[in-house]
Amino acid sequence: MKNRMMKGAHLSERKCREILHLFCEDLTATQIAGVTGVSRVTINAYLKMIRTRLAHFCDQEFPRHHLPENHLSLSGSPDGLPKTSYFGFTRMNGYVYSTGLTDMSRENLISWQKQHIDQSSGSMTAIHAVADFSNWRLYRRDMLTAGPHSNTNGDDISGFWGLTRNRLMKFRGVNKNTLYLHIKECEFRYNNRNENMHDKLLHLISRHPLHELQ
C-alpha cells in the first residue's frame with residue numbers, strides 16, 4: 001500500500017503513523033524503538049524528519065515584523081541546521097515564538113536585559129527573553145521593565161521555559177547540531193498544548209509529506 005506520509009519509505013504508512021503517535025506521546029527514540037520493533041537508528045531518522053517539519057511550520061508562524069536582525073532559521077541555513085546556543089522568545093496572544101540568535105554573548109545579553117524597550121535597538125526590540133542553553137540560563141527583560149503591579153503575560157514565558165527545560169533535561173544534554181529542532185518541537189508542543197497534537201501534526205504532514213525534506 002502506498003505510504004502517503006513518506007514516498008519510498010521502507011516502513012508502511014501504518015508503522016509511520018504508529019511512530020508519529022508515540023512521538024506525540026513524548027516517548028524517547030529508545031522507547032519508540034522498543035514498542036515498534038524498529039531499530040533506533042531508523043527511529044532517530046524519522047524523528048529528525050518530523051522535528052524538521054515542525055521547525056519549518058514554527059518558523060513560518062513567527063510574526064515576521066518581530067524577527068530580530070540577528071535571527072537564525074532553517075530557510076536561512078541551506079548547508080544544515082542552524083547551530084547556536086542562544087534563542088530569543090517572544091510572547092503574543094498566549095503563544096510563545098522562538099528564534100535562534102547569532103552574535104550573542106553573556107556581556108551583550110546583560111546589557112540588552114538592562115535596556116528599556118524604548119531605548120533598545122530595533123534588532124531585539126520584540127524579544128522578551130533570551131535563553132543561553134550553554135549554561136541553562138534565561139535572561140528576561142519583560143519582567144524588569146514591567147511595573148510592580150503590572151499584569152504581564154510573563155507566565156507564558158515561564159511556562160514555555162519550564163516545559164523546554166524539563167523536556168531537554170530528560171535527554172541528558174542535547175547535541176548543539178540538533179538543539180534548534182528540539183527547541184522548535186517544544187514551541188509546537190507548548191502552543192498546541194490545548195489541542196490534539198497528533199491530529200494537527202498528521203494534517204501538517206498530509207499537506208507536506210516527510211519525503212519532501214529529503
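Two strands count as paired if DSSP finds at least two bridges between them. In this predicted model, strand 4 (residues 129-132) meets that condition with strand 5 (residues 137-140), the two running antiparallel over 4 bridges.

Strand 4 also pairs with strand 2 (residues 86-92), again in the antiparallel sense and over 4 bridges. The table lists both pairings, with a bridge from each.

| Strands | Sense and bridges | Bridge partners |
|---|---|---|
| Strand 2 and strand 4 | antiparallel, 4 bridges | G88 and V130 |
| Strand 4 and strand 5 | antiparallel, 4 bridges | A131 and L138 |

The link from strand 4 to strand 5 is a hairpin with 4 residues between the strands. Within that turn, W136 has a positive phi of about 55°.

In a regular strand the side chains alternate between the two faces of the sheet. Strand 4 shows A129 and A131 pointing one way, while V130 and D132 point the other way. All of these residues are buried, where buried means under 20% relative accessible area.

The other region described here is helix 2, which spans residues 29-36. Its buried residues are A29, I32, A33 and T36. Viewed down the helix axis, the buried residues of helix 2 fall within an arc of 100°, so they line one face of the helix. An α-helix has 3.6 residues a turn, so residues three or four places apart point the same way. The cover over the buried residues of helix 2 includes helix 1 (13-24) and helix 3 (40-61). Just after helix 2 comes G37, with a positive phi of about 80°.

Technical notes
Residues are numbered from 1 along each chain as its sequence is written. This is a predicted model: local features need pLDDT of at least 70, side-chain atom pairs count only at pLDDT 80 or more; totals for chains, interfaces and linings use all residues. Side-chain values use heavy atoms; hydrogens and water are left out. Buried means under 20% relative accessible area, exposed over 50%, partly exposed in between (1.4 Å probe, protein chains only). The arc is that of the directions from the helix axis to the C-beta atoms. Contact means heavy atoms within 4.5 Å.
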